[in-house]
Amino acid sequence: MNANLEQIKAEILAGAEELTSSKEVYEFKKKFLDGKTGKIGLLMREMKNIAPEERAAYGKGVNELKEWALEFLGGLDEKMKAKELQDRYEAEKIDISLPAVTVKEGNLHPITLVRNQIIDIFAGMGFEIFEGTEIETDYYNFTALNTPQDHPARDMQDTFYLSPEFLLRTQTSAGQIHVMENKKPPIKILSPGKVFRSDDDATHSPMFTQMEGLVVDKGITLCDLQGMLDEFVKKIYGEGTKTRLRPSYFPFTEPSVEVDCSCFECGGKGCKLCKGTGWIEILGAGIVNNKVLENCGIDSNEYSGLAFGIGIERTAMLKYGINNIKLLFESDIKVLNQLNDK
Ligand code: PHE
C-alpha cells in the first residue's frame, strides 16, 4: 500500500516539473485530487474495501498524501499565478518617457477669426448682419452707388463682368443699396462677404473679403463715424491705438475719408510696417452721398448716413504680420498653426 502512495507522490513530483501555467496546474491537480476521478480521490473511495483493522492506517496514509498534494500543488499554483501576473505587468508596462499621443485641435482660419472679431465689436454697438450676394447687377454695384456708366471712378476697381448687366461684386457697398431699398431708417448694418477684382500681387488677390458698415438715421455726422472707428481700432489693434481721417474720394460718400491708425508695431515712431510714417491705412469710409440716399428713396433732408468698408485680409495681415496675401489662401498648415488667438 505504502508503495502505491509513494508512487503517486513521485508521479506528482515528476509531473509538476513539466507544468508551465496555472491552467496546467489546475488540470494536473484534478487528475489526482478530483473526488470522483482523481487518483487520490479513488484511493479514498477504496476505503470501504479495506479490511477494518487496516482501515485507520490506510486512511491516515491517504490523508497525508492528500494534504501534502494539496499544499504542494497549491504552492505551485501560487507561484505560477505570481509569475503570470508579473508577465502581464511586463507586457502592459507603459513607457512614461514616450511623448504623449496628442489630439490635434483645429483652429478657425485667420480670416474667419478676424471677421468674427469685427462682427463682435460692431454687434456690441448694435449693428445687425446683412449678407448680400456675390453676383450683382451693374446697377447695385455701381450705378446706384453714384458711379454711372463711364464714370471715371469705375476705373478704381477692375471688374469681372459676367454679362453687360451682371458682374461679380467688386465691393460689399452693393449691399448698402439693397438694405436702404428694403428698410426705412434707422439703419445700422454690417455686411461681410467676398468681393472680386482683377488684381493680383503680394497684397492683392482677385478674391478677397470685405466688411461693410452702414448707419442711416437723423443727424449722423463724421463725428459718429470717427467715434465708432476709434472704438473698433482700439479693440482690434490694442487700447493705445489712435485713428486719423484723411480726405479721399469715393463716389458714394461725400465727404470721403481714408482712415489710418497709429502704427501698433512702433507706437507711431516710424518703422518698416508703417513705412516710417507712424500711420497705417486701414479702411475707406465717409458720409453717405445724398444722391445714394435719394436713389434708395430716403429723404436726404431728413436723414444722413455713414458708411465704411474694411478689408478683412488686410486687417488679418496687419494683425498677424503677414506680408503676402497668398499665405491666407494657400492653407499651409505650418502657416495656419502660427495664426491663432488661443
Ligand atoms: N467700397 C469701398 C472700396 O471697396 C470702401 C468704402 C466703403 C468706402 C464704404 C467708403 C464707404 O474701396
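A residue is called buried here when its relative accessible area is under 20%. Keep that cut-off in mind as you explore this predicted model.

**Stop 1: helix 5**

Start by selecting residues 110-123, which make up helix 5. Helix 5 has 14 residues and reaches 19 Å from its first C-alpha to its last, close to the 20 Å expected at 1.5 Å a residue. Now show the side chains. Which residues of helix 5 are buried? They are Pro110, Ile111, Leu113, Val114, Ile118, Ile119, Ile121 and Phe122. While you look along the helix, remember that an α-helix has 3.6 residues a turn, so residues three or four places apart point the same way.

**Stop 2: where helix 5 meets helix 10**

Next, add residues 312-320, which form helix 10. The axes of helix 5 and helix 10 are 9 Å apart, and the two helices pack at an angle of about 100°. Since angles of 65 to 115 degrees count as roughly perpendicular, that is therefore how helix 5 and helix 10 are described. To see the contact itself, pick Pro110, Ile111, Leu113, Val114, Arg115, Gln117 and Ile118 on helix 5, together with Ile312, Glu313, Thr315, Ala316, Lys319 and Tyr320 on helix 10. Colour them by type and you will find eight nonpolar, two polar and three charged residues in this contact.

**Stop 3: the rings around Phe122**

Go back to helix 5 and centre the view on Phe122, which is buried with a relative accessible area of 0%. Then select Phe127, which is buried as well. How are the rings of Phe122 and Phe127 arranged? Their pair is edge-to-face, with 5.2 Å centre to centre and 70° between the planes.

Now bring in Phe232 to see another partner of Phe122. Here the ring centres are 5.4 Å apart and the planes are at 25°, so the pair of Phe122 and Phe232 is stacked. Phe232 lies in helix 8 (residues 222-237) and Phe122 in helix 5, so this pair ties together parts that are 110 residues apart in sequence. Phe232 counts as buried too, at 1% relative accessibility. Finally, add Phe308: Phe122, Phe127, Phe232 and Phe308 form one aromatic cluster. The model has a count of nine aromatic pairs.

**Stop 4: Ser262 in strand 7**

For the last stop, select residues 253-262, which are strand 7, and zoom in on Ser262. Is Ser262 buried or exposed? At 10% relative accessibility, Ser262 counts as buried. Leaving aside neighbours within four places in sequence, the residues in contact with Ser262 are Gly240, Thr241, Lys242, Gly278 and Trp279.

Key: Residues numbered from 1 in each chain as written. Predicted model: local features only at pLDDT ≥ 70, side-chain atom pairs only at ≥ 80, totals over all residues. Heavy atoms only, no water. Axes fitted to C-alpha atoms, helices over the stretch in contact; angles between N-to-C directions. Helix = DSSP H or I, 4+ residues; strand = E, 2+ residues; numbered from the N terminus. Parallel < 35°, antiparallel > 145°, perpendicular 65-115°, else oblique. Contact = heavy atoms within 4.5 Å. Nonpolar A, V, L, I, M, F, W, Y, C, P; charged D, E, K, R; others polar. Expected span 1.5 Å × (residues − 1). Buried < 20%, exposed > 50% of the residue type's maximum accessible area, 1.4 Å probe, protein only. Phe/Tyr/Trp six-rings, centres within 6.5 Å; stacked < 30°, edge-to-face > 60°.
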